[in-house]
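Colleague: I have a few minutes before my next meeting. Could you put the model up and walk me through it?

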Amino acid sequence: IFFGGVWSPDGHLLANGSYQHGVQVWQMPAGTRRWVGQAEPISICRVASSPDGRRLVGGGGDGYVYVWDGSDGTLLRRLVGHDGPVWSVAWSPDRTWLASGGGREGGELFVWDAHTGARLYSLHEPSEVVYALAWSPNGARLVSGGSDGRLRWWDLRREECVRVQQGHQGKVQALKVSPDGRTLASCGDDG
């Protein structure tokens with residue numbers, strides 16, 4: 001079983017999370033597997049490539065956030081703090097922060113320093129599980145989508161939710177902000 005994939009910025013690599021096989025990275029267009037990012041048989045629920053393609057982050061079913069070197073799969077960091085599976089990960093546009101979301105019986109939304117692995121923010125997410133994350137182009141806002149179908153806009157300087165909007169009936173599966181920051185696309189279980 002494969003979970004959400006992501007292309008490298010240059011379009012030559014495709015990475016995907018998998019059930020009990022970590023992260024797999026494929027050389028395209030040949031389709032040859034270059035590396036598997038985790039030796040232990042874990043599930044990686046979601047992956048994201050850094051804006052420059054040098055790093056890859058994965059949210060683990062075991063509650064950890066994994067950061068790998070994007071060229072050879074060397075594990076650089078394992079971030080600890082989630083109580084449940086990590087269902088969503090996202091790099092800030094300037095590569096300095098990572099966001100991770102998940103949860104089991106209470107939404108968990110964390111922002112990490114991408115260089116040190118220190119947790120910078122723990123935001124109170126009202127939905128049970130955070131399934132989707134997207135950064136604004138300037139990195140000042142983070143949008144989350146949860147199991148309750150709502151979209152939430154977070155102002156990190158104030159460490160608070162500044163907007164809530166019902167987006168879907170059922171969980172929000174994916175979010176994408178346009179490059180100019182004026183449009184947000186979402187998809188959910190309601191089709």
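Colleague: Let's start with a small spot, then. Where is S178 found?

Modeller: This is a predicted model, and in it S178 is found in the loop between β17 (172-177) and β18 (184-188).

Colleague: Is S178 buried or exposed there?

Modeller: S178 is buried, with a relative accessible area of 18%, which falls under the 20% cut-off for that class. Leaving aside residues up to four places away in sequence, S178 touches P137 and T183.

Colleague: Stepping back, how many helices and strands are there in the protein chain?

Modeller: The protein chain has 0 helices and 18 strands.

Colleague: And what is its radius of gyration, set against that of a compact globule?

Modeller: The protein chain has a radius of gyration of 15 Å, which agrees with the value near 16 Å that a compact globule of 191 residues would have. Taken along the principal axes, the box filled by the C-alpha atoms is roughly 45 × 35 × 35 Å.

Colleague: What share of the residues is buried?

Modeller: Buried residues make up 49% of the 191 in the protein chain. The accessible surface comes to about 9300 Å², and carbon and sulfur atoms account for 48% of that surface.

Colleague: What about contacts between residues far apart in sequence, what percentage of them join residues at least 24 apart?

Modeller: If one takes the contacts between residues at least 6 apart in sequence, 36% of those join residues at least 24 apart.

Colleague: On to the sheets. What is the strand order in the one with β9?

Modeller: That is an open sheet of 4 strands in the order β9-β10-β11-β12, with antiparallel pairing. The strands β9 (86-91) and β12 (119-125) stand at the edges, and because each has a single partner strand, one side of each is left without a neighbour in the sheet. From one strand to the next, the twist averages 15 degrees.

Colleague: How many bridges join β9 to β10?

Modeller: There are 5 bridges between β9 and β10 (residues 97-103), and the two strands run antiparallel. As one point of orientation, A90 stands opposite A99 in β10.

Colleague: I'd like to look at the turn after that. What is phi for R95?

Modeller: R95, in the loop between β9 and β10, has a phi near 70 degrees, which is a positive value in a residue other than glycine. Most residues other than glycine have a negative phi. R95 is partly exposed, with a relative accessible area of 30%.

Colleague: Which loop holds E159, and what is the phi there?

Modeller: E159 lies in the loop between β15 and β16, and its phi is near 55 degrees, again positive in a residue other than glycine. With a relative accessible area of 48%, E159 counts as partly exposed.

Colleague: So which sheet do β15 and β16 belong to?

Modeller: They are part of an open sheet of 4 strands with antiparallel pairing, in the order β13-β14-β15-β16. Here β13 (130-135) and β16 (160-166) stand at the edges, each with a single partner strand, so one side of each has no neighbour in the sheet. The twist in this sheet averages 20 degrees from one strand to the next. Strand β15 (residues 150-155) pairs with β16 in the antiparallel sense over 6 bridges, and W153 stands opposite R163 in β16.

Colleague: A132 is in β13, so what does that residue touch?

Modeller: Not counting residues up to four places away in sequence, A132 touches S88, V143, S144, G145, V172, Q173, A174 and L175. Its relative accessibility is 0%, and A132 therefore counts as buried. The C-alpha atoms of A132 and G101 are separated by 7.3 Å, although the two residues are 31 apart along the chain.

Colleague: Last topic, the cysteines. How many disulfides are there?

Modeller: A search of the whole structure finds 0 disulfides. The cysteine sulfur closest to that of C45 is in C187, 16 Å away, which is too far for a bond.

Colleague: And how accessible are C45 and C187?

Modeller: C45 counts as buried, at 6% relative accessibility, whereas C187 counts as partly exposed, at 40%.

Technical notes
Residues numbered from 1 in each chain as written. Predicted model: local features only at pLDDT ≥ 70, side-chain atom pairs only at ≥ 80, totals over all residues. Heavy atoms only, no water. Disulfide = S-S within 2.5 Å. Buried < 20%, exposed > 50% of the residue type's maximum accessible area, 1.4 Å probe, protein only. Contact = heavy atoms within 4.5 Å. Pairing = 2+ DSSP bridges. Axes fitted to C-alpha atoms, helices over the stretch in contact; angles between N-to-C directions. Rg over C-alpha atoms; globule rule 2.2 N^0.38 Å. Areas by Shrake-Rupley, 256 points an atom, 1.4 Å probe, with all protein chains shown as cover.
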